[in-house]
Amino acid sequence: MKRFFKILGITLGSLLTVVIIAATVAIWWVFTPERLTPVARQVADKFITCDHELGNVDLTFFSTFPEFALRADGLYLINPMEGAQSDTLLAAPKVVAVVNVMEFLRNQNLIVRELSLPEVQANIFINEQGDNNFSVFVSSPDSTEEDTTAFSLPFQDIRVEGLQLTAPQLSFVDKKDSLSAILTNTAINGTVKGWDDVLLTLQSASVSATLGDTPYADGLQVGLTLPAEVNLDSMHFVLHQAQLAINQFELGIDGVVDLQPDLAVDATIQTNNWQIEPLLALLPASITQSLQSFRLKGDIQLSAAAQLDMATNKSHVSIHQLDANVWHSSVSAKGEVDDVLNDLYLDMALDVNVPIWDVERWIPQDMQVTGAVKGNLAAKIKLADLTEMQLDKGHISGDLMLNDIHFQMDSMLANLDKMRLQFTLPNATPSHKKLGWLAATLTMSPLAFEQTGSLAANIDESVLKVEAGNVLSNDPILYANINLSSKGQLVAKMDSMAATMQVPALTAYAEYDTKDATHIPVLKATLDFDDLEGNYTDWLAHLEKSTLKASITGGKRNKSVPVMSAQITTKSLTASQGEDLAAKTGALSISAKARYNSKADQILLKWNPRLDVDLKDGRALLSSLPPLIEIPQIRFSYSNKDFVIDTSRIVLGNSDFCLSGEVKNIGKWLQKKDTLVGVLNFTSSRTDVNEFMEWFSADKGSEETEGATATDTTATSTSTSTSTEEANPFLVPTDVDLTLNTHIDETVVFNQNARNLGGRIYIQDGKLVLEEVGFICRAAKLQLTAMYRTPRRNHLYLGFDYHMLDVNIQELVNMVPDVVDMVPMLKSFKGDAEFHLAAETYLKANYEPKVSTLRGACSIFGKDLVVLDSETFTTISKLLMFNKKTENIVDSISAEITLYKDEIDVYPFCVSIDNYMAALGGRHNLDMSFDYHVNLLKPLYLGVDVTGTFDDLNIKLAPCRYAKDFRPLFHGKVDTQSAELRATIRNSMRKNVKI
Amino acid sequence: MKKVCNLLTLGIVLMLVVTGCNKKDEVEILVDSDPLYGYWKKTTGNEYLRFMTEQEDMRDGDYLFGYEWNEDDDVYESDIQKQYHGNGWFKYKMTTKSKSDTILHELHFMDNQGATIPKTYTIVSTSSQSLIYKDNLSTYSFIKVKR
């Protein structure tokens, strides 16, 4: 074995010695620099088309052991081009090419296993036309041209399989693409196992690059591992999982890069985890400028495919996956980015998990919102539009869950556990052309809202749909439409008001001019609910199944003038105010509109209200009014143009009323431009006056207040003369023409039932008239006409015309006690009668009558009258020796009385009973003094004058003055003058009777 | 017997005398109202009368029209309605049944036309400057005025 190894060692040593000797011989004697250099230079001439210098070339073995290598002391390529940063393309102080000797010896192919160029400086240049200064190599001899040189290549083919290059500085300028780069302290290694299997590695301590005027890199540490397929002729490179590292940022690229005619890239990109802040520091200002306002801190990882074509200026990146963690937020994105280098366009789908404070930038400064947002977003928008908040130029949508939301703005607070927000920008199906910017649906868990010091509201789970105009645009008018619905309840409290609403549904549209505060905002709202209970101080209200509509807008001609409307339709309303009022209705519909007129003073002219009310089955109970007020139906409409009562029925105790009619020209009348005209019809089937008197009686009677004034008559009388100046009587307006037609089927007053009470009450031409108001009762058929006029403040007119037919005197005395003052003896009469009374006077402003204008007449006619009571009649009949058959009946009695100024004249009238006949007449003064003459005409003539007052009677005998009127002395003719006068009076009164 | 006959005769004579002394029916004659035309003012106070002249619309059969007012009662001539005969208006005529007994008949109107109120006065004296009439209880004196 030892011998074997000895033999082996000697053999190898011998071989090695031989090789060394052979190499030495080859190097020092065969392949000497003097022999190699010319050859190399000729080869260089053959393959290098530009000016070049090649230093001495020698063959090395020992320094490149075990390989032979050709070493040149410098290789300089000079290819000046106009505009190039240097004429020198390549300056390599030393070039070492490790060659495959055997391949050369066998096949005469010069295979350079490794070409080493240390300390190289290179200046690569491409001009505007796309011509470059590095196309100086001939890849293979041009066989088409005839080679006329004497030199022939000592090898068939030349191939470089490896490259090692170190360069203190490499310069690249591409004028055509406005690209330039400088690499400092760069090491490039390349292996070429064929142009389709090229591996290039590059490590550069500092890379600076600009594109156009924009610096894209400045002192970056760059590492590149680039397996590729290379076509230098077409500058077409196919990268196979190339790795680029810039500082700490690693990027894997797999794809195609073309440098001619223009830069074009089609590759996939994969990054490691990039920190955002240092990344932004690397990016040019043109890109980061738009992101300056963002507070970005986190990391990002990208997997994408990019296409870039400088010839067409198109660039596109398909992001397969982009994960970013920024602050406390995380975003995963996929999508497409177009026109990366210019006006970047995003078509992205994002999954986001963002605490709201991380997106404060998009929240108005006066609003604070906390909570978290999680969900997905989709955006198709330019980055510039996004960062400049011109969101309407893109398309953004999202489906987000918001949790633990706390909202605060000024004094408003809101808390929300959970909310789903679905939105689209723009709004694809706007309900109004101004609402095309945003559509959003918020599905909320129970929400608590509060406005400090005033409003607090809670709503159960609800859905809020919002449409909005562009709130970020220059349009000063904000547009919004909301639709809020809940299957639960809404509870709201404000000051002393509170309301609880079941199943509310609110739709509201609003426009608000943020620049002109004088413009009335537009608000149109409709609120539906199943049930509402509300209270305000001691008011309580309950509405069932109701709809409320309200709107306020500015006028069409003047937007500063508010125009309002409101409408409520409810199935039923129940309301109460403490112990004072309780009311309930059936179906109720109220519609109201108003238009504000600032120039008007009167409230109706100021607001121009229009009101339509339709109420059914109403009931009210007032503490001041014992009975229940029932309102079976009221339907009316009001505007300043007319007030129309279609129907109104009220039932109050035993009474019922119905009022209908129309009143016109209310507005113009208030402006004093026209007459108020109207006709109202008041009907009742039954009216219980006794009940009304009981309900509406004053707390104090008139006698209780007279006692206070009776002790101070002196002061009262002296002030009378000046009281007319201070008095403020009711003056009948002359611009009113109103008529109230009344008809009451049955009226109960005291113990009387009156039927067919009706008449007409009207104001017309400055007169207030009660015209032919009549009724029929047990006591009589009655007709009354009364008039009140006001020609002057201190000259007021009051007159009435009163007729009673088929009068029962006793009933009459009960009804009209004052008639006894005028005809005292009626106290003693019973039976049927006819009564007419007409009187009038002018009054002073304090309603004192002007005595000189007093006019009146009274006519009483009775028949079959019972005179005196039975006991008294019996006493008198015995005294006067009446015939036993004489009945207690007076055939007839007829009295006429006139009132003229202060004179009450009782025209002589006659009474006969049994054998007795008496006549009476005279004057009664307003001071209650009188001057009567009483005649006994049968069985004898006897006359007495009764004068004075009831307290101071003066009776004296007098001649019979009335004999001639009733029973002339000595059988003369009756003087009819008195009778004619009485007939004149009576007939003048009867002609007005209509009953 | 004679006494009886004498008494009987006396009675018959008396009856004839009494019945024969009954006044015959007197005929009422309309008296010219010219002396009343014009304005009159009561001698006490500021009460005025106007008896109007005979004009087509100021006559109703035998009656002429007039009106009155009392300024002490804050009633003035302008307050009297001119469109119709109402409060303050009256129609009047003068009649006589004997030369020494001229009767002034007045029918006073009401604004509401509810009744007409008759007043009858006996003319005491009348001249171009004064007018005096009376009723059963009072006497009224006026002086002529120009308005």
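Which pattern does chain B follow, read along the sequence? Select chain B and trace it from the start: the pattern is α-β-β-β-β-β-β-β-β-β-β. That amounts to one helix and ten strands. Keep in mind throughout that this is a predicted model.

**Stop 1: chain B as a whole**

Stay with chain B and show its surface. The accessible surface comes to about 8,300 Å², and carbon and sulfur atoms hold 55% of it. Of the 147 residues in chain B, 44% are buried. Among the contacts in chain B with a separation of 6 or more, 43% are between residues 24 or more positions apart.

Now select B:Gln113. This residue sits in the loop between strand 7 (101-108) and strand 8 (117-126) of chain B. Its phi is near 55°, a positive value in a residue other than glycine. B:Gln113 counts as partly exposed because its relative accessibility is 33%.

**Stop 2: where the two chains meet**

Show chain A and chain B together. How many residues of chain A are in contact with chain B? The number is 40, and they touch 35 residues of chain B. The size of an interface is often given as the accessible area lost when the parts come together. Between chain A and chain B, about 2,900 Å² is buried, with carbon and sulfur atoms giving 45% of that area.

Ten salt bridges are counted between the two chains. For one of these, select A:Arg789 and B:Asp111: their side chains form a salt bridge, with 2.9 Å from N to O.

**Stop 3: the start of chain A**

Move to helix 1 of chain A, residues 2-30, and pick A:Phe5 within it. Add A:Phe4, A:Leu8 and A:Leu12 to the selection: with A:Phe5 they form a nonpolar patch on the surface. Together the four residues have about 410 Å² of accessible area.

**Stop 4: a cis peptide bond**

Next, go to A:Leu425 and A:Pro426. The peptide bond joining them is cis, with omega at about -5°. A:Pro426 belongs to the loop between strand 24 (412-425) and strand 25 (438-444) of chain A.

**Stop 5: strands 39 and 40 of chain A**

Select A:Ser639, in the loop between strand 39 (625-638) and strand 40 (642-652) of chain A. Is this loop residue buried or exposed? A:Ser639 counts as buried, because its relative accessibility is 10%. Beyond residues up to four places away in sequence, A:Ser639 touches A:Pro609, A:Arg610 and A:Ile666.

Then continue into strand 40 and select A:Thr647. A:Thr647 has a relative accessible area of 17%, so this residue is buried. Which residues surround it, apart from neighbours within four places in sequence? A:Thr647 is in contact with A:Gln633, A:Ile634, A:Arg635, A:Cys658 and A:Leu659.

**Stop 6: strands 41, 42 and 44 of chain A**

Show strand 41 (residues 655-664) and strand 42 (residues 676-684) of chain A. The two run antiparallel and are joined by seven bridges. To see a facing pair, select A:Val663 and, opposite it in strand 42, A:Gly678.

Now add strand 44 (residues 736-749) of chain A. Strand 42 and strand 44 run parallel, with nine bridges between them. A:Thr683 has A:His743, in strand 44, as its bridge partner.

Go back to the loop between strand 41 and helix 8 (666-670) of chain A, and select A:Asn665 there. Phi of A:Asn665 is near 65°, again a positive value in a residue other than glycine. With 22% relative accessibility, A:Asn665 is therefore classed as partly exposed.

**Stop 7: strand 46 of chain A**

The last selection is A:Ile776, in strand 46 (residues 767-776) of chain A. Its relative accessibility is 23%, so A:Ile776 counts as partly exposed. Draw a C-alpha to C-alpha distance from A:Ile776 to A:Arg755: the two are 21 residues apart in sequence and 4.9 Å apart in space. A:Arg755 is also one of the contacts of A:Ile776. Leaving aside neighbours within four places in sequence, the others are A:Asn753, A:Ala754, A:Asn756 and A:Lys781.

How values were computed. Residues are numbered from 1 along each chain as its sequence is written. Chains are lettered from A and ligands numbered from 1 in the order in which they are written. This is a predicted model: local features need pLDDT of at least 70, side-chain atom pairs count only at pLDDT 80 or more; totals for chains, interfaces and linings use all residues. Side-chain values use heavy atoms; hydrogens and water are left out. Patches are made of residues with over 30% relative accessible area and no salt bridge: like charges are joined within 9 Å, nonpolar side chains (Val, Leu, Ile, Met, Phe, Trp, Tyr) within 5 Å. Accessible areas come from the Shrake-Rupley method with a 1.4 Å probe; for residues, only the protein chains shown count as cover. Helices (H or I, at least four residues) and strands (E, at least two) are DSSP runs, numbered from the N terminus. Buried means under 20% relative accessible area, exposed over 50%, partly exposed in between (1.4 Å probe, protein chains only). Contact means heavy atoms within 4.5 Å. Two strands pair if DSSP finds at least two bridges between them. Buried area is the accessible area (1.4 Å probe) that two parts lose on being put together, summed over both.
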